[in-house]
Amino acid sequence: LELDGPRTPAKRATWVQARGEVAVTIARHKGTWSSDRAPIQAGTTMRCGPYTFEVVRAETPRSGEGLELELHTTDRVERVTSWTLLDGDARHELHRSSSMGSDGASRVTLQCPVPPGDALLLVEAWTDPRDVRVPFSLKARVGEMR
């Protein structure tokens, strides 16, 4: 938890005290959905249950190994907890390297260790997220947490 404010703390302060609420999202259950098998190339649309992803870019990354995959969606991509490409019998776990969103749309960049051929996309995501407000109260000596 980081507190920031004008002149916080005052020069002679020995304690800082704060109270408030932190908004968090919680969930208990996950679902798993897969797309149909399709070529992993720009322009391909992959539907995974409630999620629809358009492949914007699929190319060798600057490091020269594997595949960098950029997907576009208007769905709640922050609920997705894992991404996998299934290429025949091979299973490739994808690692999210970046996400950005604006105006209800998101772009997600994923890294795959090897470039797959035709594959299906498997996503796991929270199915029951809800927002809650959690109260907090803290008192800290300036320079240390208590």
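## Rings, strands and a surface patch

In this predicted model, the charged end of Lys139 sits over the ring of Trp15, at 4.9 Å from the ring centre. A second contact of this kind involves Lys30 and Trp126, and both are set out below.

| Charged residue | Ring | Distance to ring centre |
|---|---|---|
| Lys139 | Trp15 | 4.9 Å |
| Lys30 | Trp126 | 4.8 Å |

Aromatic rings also pair with one another, and a search of the whole structure finds three such pairs. The pair of Tyr51 and Phe53 is stacked, because the ring centres lie 6.0 Å apart and the planes meet at 5°, where an angle under 30 degrees counts as stacked. Tyr51 and Phe53 are both buried, and ring pairs link these two residues with Trp33 and Trp83 into a cluster.

Strand E5 covers residues 51-59 and runs antiparallel to strand E4, to which it is joined by four bridges; within this pairing, Glu54 of E5 is the bridge partner of Thr45. Two residues lie between the strands of this hairpin, in which Gly49 takes a positive phi near 55°. In a regular strand the side chains alternate between the two faces of the sheet. Along E4 (residues 45-48), Met46 and Cys48 point to one face and are buried, whereas Thr45 and Arg47 point to the other face and are not buried.

On the surface, Val22, Val24, Ile26 and Val134 form a nonpolar patch with about 240 Å² of accessible area together. Strand E1 (residues 15-26) supplies the largest share of the patch, three residues. Ile26 belongs to E1 and counts as partly exposed because its relative accessibility is 34%.

Technical notes
Residues are numbered from 1 along each chain as its sequence is written. This is a predicted model: local features need pLDDT of at least 70, side-chain atom pairs count only at pLDDT 80 or more; totals for chains, interfaces and linings use all residues. Side-chain values use heavy atoms; hydrogens and water are left out. Buried means under 20% relative accessible area, exposed over 50%, partly exposed in between (1.4 Å probe, protein chains only). Two strands pair if DSSP finds at least two bridges between them. Patches are made of residues with over 30% relative accessible area and no salt bridge: like charges are joined within 9 Å, nonpolar side chains (Val, Leu, Ile, Met, Phe, Trp, Tyr) within 5 Å. Accessible areas come from the Shrake-Rupley method with a 1.4 Å probe; for residues, only the protein chains shown count as cover. A salt bridge is a side-chain nitrogen of Lys or Arg within 4 Å of a carboxyl oxygen of Asp or Glu. Rings of Phe, Tyr and Trp (its six-membered ring) pair if their centres lie within 6.5 Å; planes under 30 degrees apart count as stacked, over 60 as edge-to-face and the rest as tilted. A charge sits over a ring if NZ of Lys or CZ of Arg is within 6 Å of the ring centre and within 35 degrees of the ring normal.
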